[in-house]
Amino acid sequence: MKMGIVLAFSGGLDTSFCIPYLREKYAQPIVTATVDTGASPDEALLSSRSHQLGAIKHYQIDARKSLYQDYLKYLIMGNVLRGGVYPLCVGAERVIQAQEVVKIAKKIDADAIAHGSTGAGNDQVRFDSVVQLMADDLQLITPIRDHGLTRQYTTQFLLDRGFEVSQKTTSYSINEGLWGTTIGGEETLGTIQPLPDDAYPNSVPPSEAPEKGAQLLIQYDEGLPVALNNQALPPVELITQLASIGGAHGIGRNLHIGDTILGLKGRIGFEAPAPMILITSHRELEKLVLTKWQRYHKDQLSDFYGMLLHEGQFFDPVMRDIESLMISSQQFVTGSVRIQLYKGNIQVLGCESPYSMFDTGVATYGEETALWDGADARSFCKLSGLQAYLAHKAQSKP
């Protein structure tokens with residue numbers, strides 16, 4: 001006999017609403033599952049909230065290591081920033097959260113999975129694609145999407161039943177994770193208003209950051225960060241430390257306008273100190289050790305990879321193909337990068353690598369070289385412009 005409904009539960013407004021709503025509508029036991037992807041939620045508090053709202057059991061899964069190993073490391077290798085701005089704070093999280101919720105549903109032999117996504121956002125696609133792939137025999141219930149419910153409605157629903165609702169939860173939708181925090185609110189419904197400083201939960205405004213700033217040394221091995229200031233750290237801890245340090249200096253605050261999966265334009269605020277520090281430093285190290293064609297083609301595929309991940313297509317086999325290229329490209333991306341953090345800005349001060357292509361024994365840019373002489377250079381310049389010369393000559397005929 002199957003057992004009830006497993007709800008992907010964050011403890012926020014929408015998923016809190018879902019517990020009493022699902023109990024009333026389906027008259028089935030509700031089991032909640034929270035997947036920790038970096039927010040480090042208080043398990044006791046979430047479990048208590050879940051039971052208070054009417055769930056019979058609560059599961060909490062720490063997926064941070066899996067998130068890094070299966071997803072985030074490729075975003076670092078690829079320097080992935082959607083629209084050149086946004087470090088995909090949420091896309092990977094939703095995929096792994098859906099995977100873990102499916103595992104719980106199968107473990108307890110549930111007959112349905114529920115999530116609190118709306119019908120206008122990206123998360124519904126990410127959740128649904130995983131459920132379809134891994135558990136197409138289970139019913140998928142999405143009350144907020146199916147009935148077009150507003151945050152005002154879900155707030156009132158909970159209040160009418162005697163449940164407390166945080167005012168900030170109603171005003172701003174905040175998703176905290178290992179790869180950054182996204183913030184949605186009234187301001188992000190339009191395109192001109194900035195978020196107020198107090199909407200960013202984990203960083204100081206750049207104007208209030210320390211006057212002294214901070215210097216960091218980040219060590220990479222085969223394209224991935226392995227140490228901070230000469231101290232070897234596991235990936236999750238290294239990212240967590242960078243988030244804390246960067247947040248204290250106002251790093252990583254921004255707003256992003258982009259194309260949603262459904263074809264709309266969307267806007268989101270975010271604070272992501274660790275991704276911005278790592279991508280900025282990693283990209284500079286690549287410039288030192290990769291050829292221009294390696295960087296060019298990897299950049300094109302990395303952008304495509306980020307788009308597919310954002311759009312819930314992580315399980316398309318092409319993603320494994322691109323990951324293989326990324327891994328190959330990072331074989332010699334080993335070295336150290338020194339950066340300066342100052343009032344919201346990241347400056348690369350320098351980098352070094354045992355595989356550096358910056359070889360002063362061969363040539364000094366703009367000054368002298370041991371590999372060719374002036375006559376060679378003159379001939380190269382003539383041949384380099386030959387195609388343009390021939391085209392101009394042919395197209396200038398009367």
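Guide: A residue is called buried when its relative accessible area is under 20%, exposed when over 50%, and partly exposed in between, as computed with a 1.4 Å probe on protein chains only. This is a predicted model, in which local features need pLDDT of at least 70 and side-chain atom pairs count only at pLDDT 80 or more, while totals for chains, interfaces and linings use all residues. Residues are numbered from 1 along each chain as its sequence is written, and side-chain values use heavy atoms, with hydrogens and water left out.

Visitor: Why is Glu 323 called buried?

Guide: Glu 323 has a relative accessible area of 7%, which is under 20%, so the term buried applies.

Visitor: What makes Arg 320 and Glu 323 a salt bridge?

Guide: The term requires a side-chain nitrogen of Lys or Arg within 4 Å of a carboxyl oxygen of Asp or Glu; the closest N and O atoms of Arg 320 and Glu 323 are 3.0 Å apart, so the pair qualifies.

Visitor: Why is Arg 320 called partly exposed?

Guide: The relative accessible area of Arg 320 is 31%, which falls between the limits of 20% and 50%, and therefore Arg 320 is partly exposed.

Visitor: How do you know that Glu 24 forms a salt bridge with Arg 161?

Guide: Their closest N and O atoms are 2.7 Å apart, which is within 4 Å, so the definition is met. Glu 24 lies in helix α1 (residues 13–26) and Arg 161 in the loop between α7 (151–160) and α8 (167–171), so the pair ties together parts that are 137 residues apart in sequence.

Definitions and conventions:
Helices (H or I, at least four residues) and strands (E, at least two) are DSSP runs, numbered from the N terminus.
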